[in-house]
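Here is a short report for a reader new to this structure. Take a look at the model first, then read on.

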Amino acid sequence: MVLVSSKYLVNKAYQHHFAVGAFNVGNSEFVKNIISVAEELRAPVILQIHPYEYDLMGSGIVKYVREAAMTATVPVAVHLDHGRDLNDVMRALRDQMNSVMIDTSGLPFDENLAITKQTVQLSHKIGVAVEAELGSIGNRNASAAENMGRVYTDPESAKQFVYETGVDDLAVAIGTVHGPYPSGDNDIKIDRLDALNAALHMPLVLHGGSNNPDDKIREAVAHGIAKVNISTDIKMPFYHTIKDTVLERPNDYEPWIMTPVADEAQKAVVREKILLFSSDGKANLYFEDSVHLKPLYPYAEDIVDKIVYDQQPDETLANNK
């Protein structure tokens with residue numbers, strides 16, 4: 001049973017200078033494919049669900065992912081990606097994810113700080129790690145004249161933000177863009193990353209990890225990135241392969257005919273990314289410390305609200321009997 005905190009996964013990656021791959025799971029096939037490759041390469045992995053994916057698949061997908069994680073032979077965390085507000089966070093906590101991201105980076109600094117601090121206070125009560133974002137990762141729909149929507153993370157502001165919120169890790173804006181780059185151009189600023197690493201001395205997260213040159217990703221990992229988010233790079237080959245199969249075999253419809261080639265296309269990319277992040281073979285680092293591999297969530301999911309909203313311990317226990 002190796003469903004573990006993302007904080008534990010990412011902290012150890014930071015200490016040992018590699019990065020944990022955080023892969024978005026768009027459906028159950030993704031879960032199977034990612035864990036299969038992680039086990040093959042003996043790598044820790046984070047399975048993350050974006051609110052849009054969450055809306056599409058419902059809470060049932062979290063139960064499926066948790067079960068897959070708890071029966072995996074490598075350490076796995078289950079993470080809410082880009083939670084839009086406290087409602088998203090509370091849904092993830094009730095469904096027993098063990099890691100959440102609150103992303104209010106589009107708000108003014110003080111508002112982002114206040115909401116992140118509240119998220120940390122609520123989530124830490126039940127041992128759930130919190131990621132936040134400061135600055136703005138680029139948007140593929142923005143124009144080059146607008147710097148693709150990038151607002152680079154300021155090291156001094158980041159230092160204040162981390163100190164006042166108590167957040168576990170921070171997604172930093174250093175030049176990447178969510179989704180595929182329209183022009184193929186990108187600009188990961190290692191000097192900015194160095195300044196952030198020197199100011200914070202904590203695991204940093206790279207969003208928009210898809211469609212970047214391998215050498216820039218390797219350099220970013222060497223300079224403090226301990227978690228790399230991948231979505232586009234594993235979704236495009238999967239769905240494009242399905243499309244090609246449908247076109248080639250229009251009279252076929254069975255899943256066991258339509259999906260195996262797509263699975264292999266996706267697994268090939270997951271394999272490349274794990275090797276790129278140097279997380280292959282690192283699972284054993286986590287098994288050295290059995291304390292952190294204990295099962296999480298020793299409480300019934302229907303009392304999460306009572307825990308996070310300051311019910312007395314005796315009331316909580318009485319209501320759980």
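Two strands count as paired if DSSP finds at least two bridges between them. With that in hand, strand β1 (residues 20-24) and strand β10 (residues 225-230) are paired: they run in the parallel sense and share 4 bridges. Keep in mind that this is a predicted model.

**Overall picture**

The protein has 321 residues, and 53% of them count as buried. Its secondary structure comes to 15 helices and 10 strands. Sequence-distant contacts are frequent. Among contacts between residues at least 6 apart in sequence, 74% join residues at least 24 apart. The accessible surface comes to about 14,000 Å². Carbon and sulfur atoms account for 52% of that surface.

**Strands β1, β2 and β3**

Start with β1. This strand is mostly covered, with 5 of its 5 residues buried. In a regular strand the side chains alternate between the two faces of the sheet. In β1, V20, A22 and N24 point one way. G21 and F23 point the other way, and all are buried. Across to β10, the bridge partner of A22 is N229.

Now turn to β2, which spans residues 45-49. This strand is also mostly covered: 5 of its 5 residues are buried. V45, L47 and I49 point one way from β2. I46 and Q48 point the other way, and all of these are buried too.

How are β1 and β2 joined, parallel or antiparallel? They pair in the parallel sense, over 4 bridges. One of the bridge partnerships links F23 with L47 in β2. Helix α2 (residues 28-41) belongs with these two strands: β1, α2 and β2 make a right-handed β-α-β unit.

Strand β3 (residues 76-83) comes next. β2 and β3 run parallel and are joined by 5 bridges. Here I49 stands opposite L80 in β3. β2 is thus bridged to β1 and to β3, while β1 is bridged to β10 as well.

**Aromatic rings and charges**

The model holds 5 aromatic pairs. One of them joins F238 and Y239 in an edge-to-face arrangement. Their centres are 5.0 Å apart, with 85° between the planes. The pair counts as edge-to-face because planes over 60 degrees apart are classed that way. Ring pairs also link F30, F238 and Y239 into a cluster.

Are F238 and Y239 buried or exposed? F238 has a relative accessible area of 3%, so it is buried. Y239 is partly exposed, because its relative accessibility is 39%.

Charged ends sit over rings as well. The table gives two cases.

| Charged residue | Ring | Distance from the ring centre |
|---|---|---|
| R91 | Y54 | 3.7 Å |
| K282 | F18 | 5.2 Å |

**Two residues up close**

Where is I174 placed? I174 lies in the loop between β7 (169-172) and β8 (177-178). This loop residue is buried, because its relative accessibility is 0%. Setting aside neighbours within four places in sequence, I174 is in contact with Y152, D187, I188, K189, R192, L193, L196 and L206. What separates the C-alpha atoms of I174 and S136? The distance is 8.8 Å, and the two residues are 38 residues apart along the chain.

A199 has its place in helix α8 (residues 190-200). Its relative accessible area is 18%, so A199 counts as buried. The cut-off for buried is under 20%. Which residues does A199 contact, leaving aside neighbours within four places in sequence? They are P155 and K159. The C-alpha atoms of A199 and P155 are separated by 6.2 Å. Along the chain, A199 and P155 are 44 residues apart.

**In brief**

β1 pairs with β10 and with β2. β2 also pairs with β3. F30, F238 and Y239 form a ring cluster. I174 and A199 are both buried.

Notes:
Residues numbered from 1 in each chain as written. Predicted model: local features only at pLDDT ≥ 70, side-chain atom pairs only at ≥ 80, totals over all residues. Heavy atoms only, no water. Phe/Tyr/Trp six-rings, centres within 6.5 Å; stacked < 30°, edge-to-face > 60°. Buried < 20%, exposed > 50% of the residue type's maximum accessible area, 1.4 Å probe, protein only. Lys NZ or Arg CZ within 6 Å of the ring centre and 35° of its normal. Contact = heavy atoms within 4.5 Å. Areas by Shrake-Rupley, 256 points an atom, 1.4 Å probe, with all protein chains shown as cover. Right-handed = clockwise from strand over helix to strand, strands pointing away.
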